[in-house]
Each structure stands twice: as structure tokens, then as C-alpha cells.
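Open the model in your viewer and keep the selection panel at hand. The stops below are given in the order in which to select them.

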Amino acid sequence: MRGGSGFFRPPRGGVSAGPVDPSLRCSALRRTLLFLHPLPGAAPQMEDPIQLKEEGNKYFQASDYEKAIQSYTQAIKLNKDKALQAVLYRNRAACFLKKEEYVKAASDASRAIDINASDIKALFRRSQALEKLGKLDQAFKDAQKCATMEPRNKNFQETLRRLGADIQEKLRIQFSTDMRVQKMFEILLDENSEKEKREKAANNLIVLGREEAGAERIFQNNGVNLLLQLIETKNAELILAAVRTLSGMCTGHKARATAILHYLGVDSICMWMSVDNEEISLAVCNLLQSIIDCLLGEGKEEHHGKEEAMVLDTKKDLRMITMHLLDMLVSKKVSGQGRDRALNLLNKNIPRKDLKDHDNSRTTFVIDNGLKKILKVVGQIPEMPDCLPLTENTQLTASVLLNKLYDDLRCDPERDNYRVICEEYIKSKIDPQNMDKTLHAIQIVSGVLQGPFDLGNKLLGMKGVMEMMVALCGSEREIDQLVAVEALIHASTKLSRATFIISNGVTLLKEIYKKTKNEKIKIRALVGLCKLGSAGGTDYGLRQFAEGSTEKLAKQCRKWLCNTSIDTRTRKWAVEGLAYLTLDADVKDDFVEDEPALQAMFELAKASDKTILYSVASALVNCTNSYDTKELVPELVQLAKFSKQHVPEEHPKDKKDFVVKRVKRLLKAGVVSALACMVKADSAILTDQSKELIARVFLALCEDPKDRGTIVAQGGGKALIPLAVEGTDVGKIKASHALAKIAAISNPDMAFPGERVYEVVRPLVSLLNTERDGLQNYEALLGLTNFSGRSDKLRMKIVKERALPDIENYMFENHDQLRQAATECMCNLVVSKEVQERFVADGNDRLKLVVLLCGEDDEKVQIAAAGALAVLTAAQKKLCSKMTEVTNQWLEILQRLCLHDNMEVQHRGLVIAFNLMSADKDLAKKLVETELLEILTFISKQGDDPKKQHVINVARDCLTRCMDYGLIKPLSQA
């Protein structure tokens, strides 16, 4: 018996507890990197199908289904033995089942059955896949065959019972659904029905159309014809109900969508979309989008794993729809709303979504058959009597389409063809004898300058265009001046072009500004001067105008902006002017102090005129300094000064303190609700570039943690999600970073209520990338740590997004905060059973990494790693014995944890010791034969203390467990 111990034990043997090996720390940790991440290409590629099958089996057991599929696929290609081929298909089907790719699982199982009709495993796997695909009858037949072959198999019998019950329920629902559909149509088509009943029936029909079973029953029971009758009633509510039901029926079902398209006819659909009723026009637009999604293979069936519909030739239908949409652009019978819908559909569906896809045939088809029609829309002048019906958004939406089509071209010959069509169309409009016709030509150039700017510059160089613009500026007619001034504004977008116009056009604009009494022209001339005055950008040393001139221009813009007696379209130009002038720090400082001007801008941003979005976003980016700035290298600055080159200068009011004050003022004025409203704009005018600007502003607003609660309360969290998913790469990163800042410190249930929280996971995971900076990595890890502590469903979502390998990589980081954040995230994730199984699986060093991290000097890392180890050893007994095998330093680390000065670390260490002892008597015996017994005895003998009672109790529990095993006895019994 040792002095000071209250227990005696058998003679020690086996494991000795020597001094802590210094290699335990970072050096040992980094050596494990090679085990966790073997070098690629280290193993030679196998060509033996049997070996590949065995390799696939190992991957399957380790839950690495992707690699298992690769191994089985390679084996299938090399194999010539039919019996083995059936096994390989059967095994690959099992992988697809695990990945929830049920169509592929059913296909592979069928191939195995074709080779061996009595393959019971293949039959059962096909039954499982078919059940998930909703094909209950076929699934039942396969399960029945399995039960016939093995009548005593309880699993087969249970599956048969379940499928039988599901089929009966499906038939019951089908019968009741048929009755409900019939009743609804009777109410809707009966003019004498009560209004309340009709509204209820209409809403029920919409809901039914969105459900697969309901949509199919409506379709099979002559529902399309009855819905057409509702549309022909000319009752707006019934038309909306019918169109929305049709939209639900088309979503995600190619065959049904194609049949509905042919039954209704594209002519009729486009005619309904042309009506001057915003709700109906939008509903029909959504219907047509659902049909196009199906024809392009972008329906929801891909995401839910439903079996693909029969192969249909969709190109003909898509071209027919495209031609009708192009015809809508130039038809006088089409309302402004209808024209906007047609342009939005073309914007969304014609250009390629991924430039890696080489097929841009839809774009070239539109250019060859409809470019002149788009140019006609762009060239419309609302003040002219022969103008097509337009909304305030129509022409900018057409310019956005021109830009998207131009960007989607792959080579110079295609771009030359585009340019030639534009030039020929503009030439056909220029007529010195007909000023109205010429005016349209200048308006087209102005519209192209708002789209593909490089092409617009080339069109400006056409003979007579620039001269005509200057001549129109001097015209007596106000409409001529209006069009010419707008064209000059759009022509002066870049510094080089602005320099040319400064020498030729500033005097002209000043003259127009002084002489005209028309506010519309005056404000446009002012914006032209604003634009030219800001040509130096944020460079304080490159001011174009005299000191104080830009402030005077800005003051006038703010005055017009606040004047509600001026029409909205004209006030919009005041915001356009401020978007340029706020590059000057004095102007942006004055602007944020002018709360009425800010409120007026925010109100315009929420209005139906979406052409203002880019200008508002630009002004806010300037005010928050969220644009990119190049860091000046002192040595290069000195070199530039020595060689008498211009060096960019920072304005004193662009320093951090001033920027912070401006952000606070914007938040107080309600900028978040305005931004959230801008994001909701369902229009092509909300371009990817506009989304990027909004994302930049949000990131600047989220900088101070104290402001993030306000941002969430005003709808900022919800608005950021679509910005993180769609847009430019830079925009998505900025939005994801803003989400990470919010997720890191907010209650996820409050910040992202309901299902929305699951949409945030992917943007956060996208920041776990070596191309992102350390702050983005860190805040993304904090956000994921916060999420992973909320629910098992969120933990599963994080795992499904394949974040686990990235989080493990950051656990190796030299940077203390990154390593700590990653370890804390893993501590929360190991609560998930699936993550625990990955630790249990053979062939990985995950557990070793966590054990070694418990020996780190960083207390926060120790707390997190020890917490993870405590959870793992409590949940999985296998890991208790595995822990003693992964490194020979495990005991030293455990002892250090149990003796730690920090009670939180000590408590977790003692819990690990208790888990090891509870898992196995032999393991407990091994621990008793070390100094750990003295440590436990010392802790348990301490007097009761509320602050450390939880620590003392665990130590006593450990000793009690050892006594239960008979490994130690109280001193009185020795």
C-alpha cells in the first residue's frame, strides 16, 4: 500500500506512466497528417475485378459510398464473369440506395436480376428503391418474390405488410381525391355558388395541384379542360386559381407539362400573360416558367430522385415558346406587364447558366430571330405617340437581356454578327429628313450602352451618331434634348470615354442646365455633370472639378430627391447622380447626415420602378466604403513619387472612424429593410452585379457584432440567403461571410426561423476553403459550431454538405484560433451518430487526432477536444479500447487532463476515464495499475465543495466502478 492512498491494488504490470513526451504537441499532431491524408496516386490502380469488388466492399463498410461506386463501376467495366457481374450491380445498387439515388438503384438492381432472376438481395434492393419512387405496386411484387423464396425472413414479411397497407391507403386517398376534385369543379363552375365556397374550392384546388397524387388525379379526370373553362369565365379570381393549379401540375413532371402545353397552346398562354393585370400576368409567367423548367430538365424531380419521365424531344417546344415570347416584345396588343414578363423569361432561360456548357444555341437562335425585336423595345421613347405599352422597368430589362446575350457568345465571329445586326438596324433608323426616326436610333445606342458597354462604344463610333447626339442637345424640342442628354450620360461610363466627353460635352451640358426650364432635362444634365465630375473615382487627387463643385451638385441632387412633387422617373436620376458623387468622401458624409434624403432614396428603392436598384446599391457601397481598394506598397509609392507618377490619395473622411459613423447612421435610417426589399425584386434588372453590391453593403453593416441583432430584426438574415446562393462569385462570398458573422453570435432559431436555417449551412461550408481568408474561415467555423449545437437535424445537414473533411483539416492549423474553432465544431458534431460511426470505422486517424489535441497547451483546444472525446467514449464502447491503441501517449494525456488546473478540462478528463472503466473490466484493470488510481483517490478524498463537486463526484464514480469490478477494495477491507 502506498502512503496517502485510501485503497490498495494488485501489483502493477503492463502500462507504465512515465513523463509526458514533448513530441505529443504540434509536431506529433502534424505527423498524423500523412495518415489522415495519404498522398494521391500512392496506390497502383487495380485491374482485377475481384480485388476491385473487395475494395468497394471496404469503402461501403466505411460509409464512403462515392468511392465504393467508383470501385464497383471499374470492376463492371473489366469483368467478364456473369455471376460476378450480377453481384457488382447488386452492390452498386446498395450504394445508390444509401445516397438516395433511387432511379439508379432500381436500374442496377434490375440489371442484376436480368442476369440472375433469383438474386434475392437484388430483388429486395429494387423493392426498396421502387417504394421510395412511389411505385408501390411494383415494389410489392418484388417483396412478394423475396418472401416466397425465404418465407421465414421477418424483414420480408414486415415489408410486405407495410407495402400492402400503403397500397390500400393510396387507393383510399385516390378515391377520395377524385371525389374532392369533382366537387371543387362543380362549385367553381356553378355561377350560383356562394362566394366564400368558391374561394375555398379555388384555394383547395391550388393546394391539390401542388401534390403529386392530386395533380395526377386532376389531369386524369379531364381537369385541364375544366381549368380552361375557369380561365374563359374572365373572372380574375377564378383565372388566378386555374393558372396556379396548372402551374403546380406542371412542376417537376415533364410528360404532364408537355401535354398541358400542347392542350392549352403557346398562343393562349402568351395571350393570358399579355393582359394588363399584374397578378394574372405574373401567375401565367410562373406557369410558363414551370413548363420551361421541365422541358430543360430542371424540374424538382431531379432533386427528389423521382423516376425520369419518358424521353421527349423538347427542342421544338422550346423554340416555339421562344418565338412567341419574341413576338410579344413588338406587339401593341401586349401590356407593359406582359412585355416585362416575356423579357424576364428570355433573360432567365436563354443564356447559359454555366459557361462551361459549350451549347449556346438558344442564344444564337434569339440573336438571329429576335435581336431586332429587342432593339425595337430598347429604342422606344415613352413620350412619343407611337410608343409600345411599357412599364418603367421594360427598357432596362431589355438592355440587361442584350448584355446577357452578348456575354453568352463564345467567339469573335458570333460577336461580329451581333454587332453587324445592331449597326444595320441603327443605320435603317438614321434619317436626316425624319428627326423622330433618328431619335429612335440614338435611343437604341443609349439602351445598348446600358447593356454590353463595349459594343455600345463601337456603335458610338458609327458615322453620324456622335454628331447627331451633339445636334440633338442643341435642338429646340425638349424630347430631343431629353434623349440626347441621357445618351451622353450613358456614354460617359469609363474614365477614357469621360475624358473625351469632358473636352467636348461639359460646356454643352452646362448650357442645357442653365437655359432649360424643364426640370426633367435640367436634372439629367446635372447627372451628366455629376458623372463627369466623379471620373477620378475615389482618388482624392484626381478631382475633375473645382473644390466644392461636387458638394454643390450633390446638394442639388438631394434637393430634387426629396421633392415629391417631381415624378418618380425624374427623382430616380437624382439618385443616379448621387451614385457617382458619393465617390467623394465629403459628399457621402453630408448625404448620410441628411436623413430625409436617405428616407426618400429608401422609399424609391421599395417602389415598383426597379431601374433604380443599381444606383441605390452603388451609392450605399460608396457610403460604406465596401468597394475593393488596392493596398499601397510604401516602396512603390516612393518610387512613383520619384518618377513623378500619380499616386492615389485617400480622403481624410475615408478613414475607418468616419466609415463606422456612416454605417451607424445608415442603420438608424432603416437601410436594412430597404436592402431586403431590393433583394425581393423578381426582375432581370436585379442583375448579378447588383446582387454583389447589395452583398458588399450587408457585409459592411455586419462588421460590428452589436449591430447584427438589428440587421436580423429588420429581415437582413433572410435577405442574405439568396445573395449567397446566386450571383457573382465575389457577391456569393461576401453574402456568405455576412451570414457567417450573423450565425456566429446569433440564436439560429431567431436569426433564421423554420426551415431557413438549413439553407444557411451550404454558404457557411463554402467558406471552409483555402482560397478564402483566415477571418472568413474562422467566422464560418464559429457559425457551424453554433448550428451544430442546436439539433441533430442541423448536424446531419452539415455532414451531408461534406464539411467534415474541411473541419478536420482546420484542426491541424498552426493558427490557434482556427484550430480552436474547428475543434469546438467537431465537439458538437460528434453528438451525431453518423459522425461517431466515422470515428469507429477502420482505416482513419480521426480518434488519434482528437486524443493528441487533448494534449495541446491551448486550454480552449483542450476543452473542446476533451469534450469530443468524452462524448465519443460515452456513446461508442469500441472507441474506448481503440483510444488505447491509436497512440502510446494516450495515458499521459489522460493523466494530464485529470490533473489539469482548469476544472472544465479536469471534469472532461475524469468523464473520459469513467467511460473507459465502464466500457471494459480489462481496460479498467489496466488503468488501475497506473498512477491514475492515485489521481482519482486524491480528487475523491477532497471535501465537498459546491464549485468543484461535479469533478469530485466523477472521480468517486470511477473508484466505485473499480470496486464493483473487484479491482480495488476500501482500506478497511484490505
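In which helix is Phe 698 found? Select helix α37, residues 688-701, and Phe 698 is there. Keep in mind throughout that this is a predicted model.

**Phe 698 and its surroundings**

Colour Phe 698 by accessibility: its relative accessible area is 0%, so the residue counts as buried. Next, show Leu 675, which lies 23 residues away along the chain; its C-alpha atom and that of Phe 698 are separated by 8.3 Å. Then display the contacts of Phe 698, leaving out neighbours within four places in sequence: Val 672, Leu 675, Ala 676, Ile 711, Gly 716, Ala 719, Leu 720, Leu 723 and Ala 738.

**The nonpolar cores**

Widen the selection to the largest nonpolar core, which has 262 residues. Phe 698 is among the residues with the most contacts inside this core, together with Tyr 418, Leu 561, Leu 701, Phe 752, Phe 787 and Ile 807. Which helix gives the core its largest share? Helix α16, residues 278-295, does, with ten residues.

Move to Leu 561. Beyond four places in sequence, its contacts are Arg 571, Ala 574, Val 575, Leu 578, Phe 591, Ala 597, Ala 600, Met 601 and Leu 604. A second core, separate from the one above, has 35 residues, including Ile 69, Tyr 72, Leu 84 and Leu 160.

**Aromatic rings**

How many aromatic pairs does a search of the whole structure find? There are four. For one of them, select Phe 752 and Phe 787: the ring centres are 6.2 Å apart and the planes meet at 75 degrees, so this pair is edge-to-face. Phe 752 is in the loop between α41 (748-751) and α42 (756-766), while Phe 787 belongs to helix α43 (residues 774-788), so the pair ties together parts 35 residues apart in sequence. Both Phe 752 and Phe 787 are buried.

Another ring to show is that of Phe 658. The charged end of Lys 661 sits over this ring, 5.7 Å from its centre.

**Salt bridges**

Side chains of opposite charge can pair when their charged atoms come close. The structure holds 45 salt bridges; three pairs and a network follow.

- Select Arg 256 and Glu 216, whose side chains meet at 2.5 Å, N to O. Arg 256 is in helix α14 (residues 254-264) and Glu 216 in helix α11 (residues 212-220), so this pair links distant parts of the chain, 40 residues apart. Arg 256 is buried at 2% relative accessible area, whereas Glu 216 is partly exposed at 22%.
- Select Asp 816 and Arg 819, with the closest N and O atoms 3.0 Å apart. The two are three residues apart in helix α46 (residues 816-829), which means a separation of about one helical turn. Asp 816 is partly exposed at 43%, but Arg 819 is buried at 4%.
- Select Glu 904 and Arg 908, with the closest N and O atoms 3.3 Å apart.
- Select Glu 66, Lys 99, Glu 101 and Lys 104, which salt bridges link in a network.

**Helix α55**

Finish with α55, residues 949-965. At 1.5 Å a residue, its 17 residues should span 24 Å, and its end C-alpha atoms are 25 Å apart, which agrees. Which residues of α55 are buried? They are Gln 949, Val 951, Ile 952, Val 954, Ala 955, Cys 958, Leu 959 and Cys 962. After α55 comes Gly 966, with a positive phi near 80 degrees.

Terms used
Residues are numbered from 1 along each chain as its sequence is written. This is a predicted model: local features need pLDDT of at least 70, side-chain atom pairs count only at pLDDT 80 or more; totals for chains, interfaces and linings use all residues. Side-chain values use heavy atoms; hydrogens and water are left out. Helices (H or I, at least four residues) and strands (E, at least two) are DSSP runs, numbered from the N terminus. Buried means under 20% relative accessible area, exposed over 50%, partly exposed in between (1.4 Å probe, protein chains only). Contact means heavy atoms within 4.5 Å. Rings of Phe, Tyr and Trp (its six-membered ring) pair if their centres lie within 6.5 Å; planes under 30 degrees apart count as stacked, over 60 as edge-to-face and the rest as tilted. A charge sits over a ring if NZ of Lys or CZ of Arg is within 6 Å of the ring centre and within 35 degrees of the ring normal. A nonpolar core is a set of buried Ala, Val, Leu, Ile, Met, Phe, Trp, Tyr and Cys residues joined through side-chain atoms within 4.5 Å. The expected span of a helix is 1.5 Å times one less than its number of residues. A salt bridge is a side-chain nitrogen of Lys or Arg within 4 Å of a carboxyl oxygen of Asp or Glu.
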